[in-house]
Amino acid sequence: MKVRAVFLLLCLIWGSTWLFIKLGLRDLPPLSFAAGRFLLATLILSAIVAARRASLPRGRAEWSLIAVTGVLAFSLNYGLLFWGEQHISSGLAALLQATIPVFGMLFAHPYLPGERLNARRLSGALLGVAGVGVIFSNQLSAEGGMAVWGSVAVVTGAVFVAYANVLVKAGGARLDASVLAAGQMACGFVPLALGGLIFEGNPLALRWTGLAVVCLLYLTLVGSVAAFLLFYWLVRHTDVTKTMLIALVTPLAAVLLGMLVLGEEVTWRTVAGGALIMSGIALVVLRRGVRASAPSAPAPEGEAADGGA
């Protein structure tokens, strides 16, 4: 019963992060918004690392891995994600970011000998790509150029974080999970903060409304820190296959919340494209989970490190 409650709570948290990103973007520019989130999350996770006296990385290779994957998964992925969600719905952003396992499978082929491509995984990748194509065609015909670019930005971010996850799985097996997350967020924060300062101005002069502050705190405390702790508790108490189901449930929760709270419309092409993406993810992760002995690193809002955003 406790496992089911934590599973459902994680799905709700990661499904809701997209909504709070969309709400926060009403007042805050994307790079500064993302930077603020990961600054606070880094401070909290660093305190957790210190309290647990967790082992720090050893040698240049592990520090380099944290720095590179931090930039890929947090600077590039979240910078593109927050920018892209200005121009598309929160539910659509969640569906497009859900392609992380599909891209991760393609990157895993040369890096992870135990996860080579086969007919099933290739079929899953093709379904995922076809779903993205259907959604892009809908954005081009219904929303116009900026919606297409917003969609491209979110998918490109998914490619970056998928590559980061594969690098972590290939070379970061000895890293403590909380140390890895704190280090990645710290390294990812720096480019976001610099980009925000250059392109968006002084962060103290931004429009810090009550809604913006609530969204920032929710994404930090609930979407990053609490979800991170809940996810690794779940990993220790249930089968890997069941944790992978979060990747299928989270986008659906995001779409429903977007419709109910923001009144976002869902067209038949979005539904069809989303169904193709979810089918592709199912082919990629579910059968693999039966044989896996440990889960892949969660995708940030995957994050998926968030499972969500």
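A biologist asks and a modeller answers about the structure above.

Biologist: What kind of model is this, and how are residues numbered?
Modeller: This is a predicted model, where local features need pLDDT of at least 70, side-chain atom pairs count only at pLDDT 80 or more, and totals for chains, interfaces and linings use all residues. Residues are numbered from 1 along each chain as its sequence is written, and side-chain values use heavy atoms, leaving out hydrogens and water.

Biologist: Why is Cys 11 called buried?
Modeller: Its relative accessible area is 3%. Buried means under 20%, exposed over 50%, and partly exposed in between, with a 1.4 Å probe and protein chains only. So Cys 11 counts as buried.

Biologist: What makes Cys 187 partly exposed?
Modeller: Cys 187 has a relative accessible area of 26%. That value falls between the two cut-offs, so the label is partly exposed.

Biologist: How many disulfides does the structure hold?
Modeller: It holds 0. A disulfide is a pair of cysteine sulfur atoms within 2.5 Å.

Biologist: Why is Arg 53 called exposed?
Modeller: Its relative accessibility is 77%, and exposed means over 50%, so the label fits. Arg 53 lies in the loop between α2 (30–52) and α3 (59–84). Its phi is near 55°, a positive value in a residue other than glycine.

Biologist: And what about Asn 118, where does it lie?
Modeller: Asn 118 is in the loop between α5 (100–111) and α6 (119–142). At 33% relative accessible area, it is partly exposed. A polar atom of its side chain lies 3.2 Å from the backbone nitrogen of Arg 120.

Biologist: What span is expected of helix α1?
Modeller: The expected span is 1.5 Å times one less than the number of residues. Helix α1 (residues 2–24) has 23 residues, which gives 33 Å. From first C-alpha to last, α1 reaches 32 Å, close to that value.

Biologist: Where does α1 bend?
Modeller: At Thr 17, by about 25°. The bend is the angle between axes fitted to the seven residues ending there and the seven starting there. Helix α9 bends by about 35° at Ala 227.

Biologist: What makes a set of residues a nonpolar core?
Modeller: Its members are buried Ala, Val, Leu, Ile, Met, Phe, Trp, Tyr and Cys residues, joined through side-chain atoms within 4.5 Å. The largest one here has 71 residues, and Phe 33 and Phe 82 are among those with the most contacts inside it. Its largest share, 9 residues, comes from helix α7 (residues 145–171). Another core, of 11 residues, lies apart from it and includes Val 6 and Trp 233.

Technical notes:
Helix = DSSP H or I, 4+ residues; strand = E, 2+ residues; numbered from the N terminus. Polar contact = N/O pair within 3.5 Å; in protein donor to acceptor, adjacent residues only side chain to side chain.
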